[in-house]
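I opened my notebook to go through this chain step by step. Here is what I looked up, in the order I did it.

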Amino acid sequence: EVANLFIKTYHKFSFNLSNLTNIRVPIDLVNEYTKRQLFVSVLMELEILVLDLVELDLSVVNVMMLNVKMLYDLIYKSMQSFLFRSQCKLKYGYISCNSLYMKFLFIEQRLLLDSLLKYLIFGSSAINENLHTFSNLKTPTKYVALLLDNVVVQISNAIVFCVLYGIKSLPETVDFFVSNKFCNSSYVSIRSLALFKNALLGSAFMNWYFYYPQNIYSGKYRIWIICSRGGITSKYILIYRLYDSFKLEKLQLLILFCLELQDFLIPKVKNFVVILGKLFLSIMIKILFSSSKAFIKVFLYFLNKAKY
């Protein structure tokens, strides 16, 4: 069943792989062929990782302890495999975990890689029964396929991000992506690439300080999906995320507090505004009614006076 899952995922790479969302991600920088090569490299390395773990016969606890290292190795090996297959210079193939983008990826590794490896190696019985809204014993195969898609897309994003920010100057970056025929035709100029890099940094900032706390508060996790008929899209799945809230920084907790305050205050403010509006409307109607009544009386008085 696991082998069929990988085969079906490989098959999806033969279709259109364009981003169907309005969210800008690192793989938007590369063309269709490069994106396909990236996905193949990641899936091949993931397949090797699963086979190695099965052969080592590690326990669930051991796999959990090695999760961060496995994620790092998966990104690094997939990157090296991709660059080697593309016959590129390897001097740009290193991983920096200092950026908010990579920090966000690694802090969510439990939802990114941990759950998928447990499903593929140990089955649904190894998953925390409180993690999902459905029973572990009734985990749909389609759900595991979505997790696999998510890992492929997110690792590919991480690779492009690391290569992109591993090159210091913009002219050198453009030269690297264009000369190796990686680049999407929309980003072949220095200006377009600079705008793309700034947009990624802005998106990473918003993810880390706003969307990440909000998703924890709402019990959601965004996954990326490779559609069977072509295209890449994303959706939210419901996840138990109470323990993730303990990892939040002070600023993130402040934003989370603001969200709770918003949920508490907005309905009350809304009700107050509605009541105030009704009261104001009632007063205005009474004033208009009294004014029109007085106007009619005055009008009739002068009309009668004019007759005499």
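**Entry 1: burial.** I began with how much of the chain is tucked away, keeping in mind that this is a predicted model. Of its 308 residues, 43% count as buried. For the surface, I noted an accessible area of about 17600 Å². Carbon and sulfur atoms make up 64% of that area.

**Entry 2: elements.** Next I listed the secondary structure and found ten helices and two strands. Reading from the N terminus, I wrote the order down as α-α-α-α-α-α-α-α-α-β-β-α. The chain is more spread out than a compact globule, because its radius of gyration is 29 Å, well over the 19 Å that the globule rule gives for 308 residues. I also noted the span of the C-alpha trace along its principal axes, about 110 × 50 × 40 Å.

**Entry 3: contacts.** I then looked at contacts in the chain with a separation of 6 or more. Residues 24 or more positions apart account for 73% of them.

**Entry 4: helix 6.** Is helix 6 largely enclosed or open? I checked residues 109–122, and eleven of the 14 are buried, so this helix is largely enclosed by the rest of the structure. Leucines are well represented on my list of its buried residues, including Leu111, Leu112, Leu113, Leu116, Leu117 and Leu120. Asp114 and Lys118 are on that list too, and so are Gln109, Ser115 and Tyr119. Just after the helix comes Gly123, with a positive phi near 90°.

**Entry 5: Lys12.** I stopped at Lys12, which lies in helix 1 (residues 2–12). Is this lysine buried or exposed? Its relative accessible area is 13%, under the 20% cut-off, so Lys12 counts as buried. Which residues does Lys12 touch, leaving out those up to four places away in sequence? I found Leu17, Asp149, Ile226, Cys227 and Ser228.

**Entry 6: cysteines.** Cys227 had just turned up beside Lys12, which made me curious about cysteines. Cys227 is partly exposed, with a relative accessible area of 21%, whereas Cys183 is buried at 12%. How many disulfides does a search of the whole structure find? I got zero. As a reminder to myself, a disulfide is a covalent bond between the sulfur atoms of two cysteines.

**Entry 7: charges.** Last, I looked at the charges and noted 34 positive and 19 negative ones. The mean positions of the two groups are 18 Å apart.

Definitions and conventions: Residues are numbered from 1 along each chain as its sequence is written. This is a predicted model: local features need pLDDT of at least 70, side-chain atom pairs count only at pLDDT 80 or more; totals for chains, interfaces and linings use all residues. Side-chain values use heavy atoms; hydrogens and water are left out. Helices (H or I, at least four residues) and strands (E, at least two) are DSSP runs, numbered from the N terminus. The radius of gyration is taken over C-alpha atoms; the globule rule is 2.2 Å times the number of residues to the power 0.38. Buried means under 20% relative accessible area, exposed over 50%, partly exposed in between (1.4 Å probe, protein chains only). Contact means heavy atoms within 4.5 Å. Accessible areas come from the Shrake-Rupley method with a 1.4 Å probe; for residues, only the protein chains shown count as cover. Lys and Arg count as positive and Asp and Glu as negative; His and the chain ends are not counted. The place of a charge is taken as NZ of Lys, CZ of Arg, CG of Asp or CD of Glu. A disulfide is a pair of cysteine sulfur atoms within 2.5 Å.
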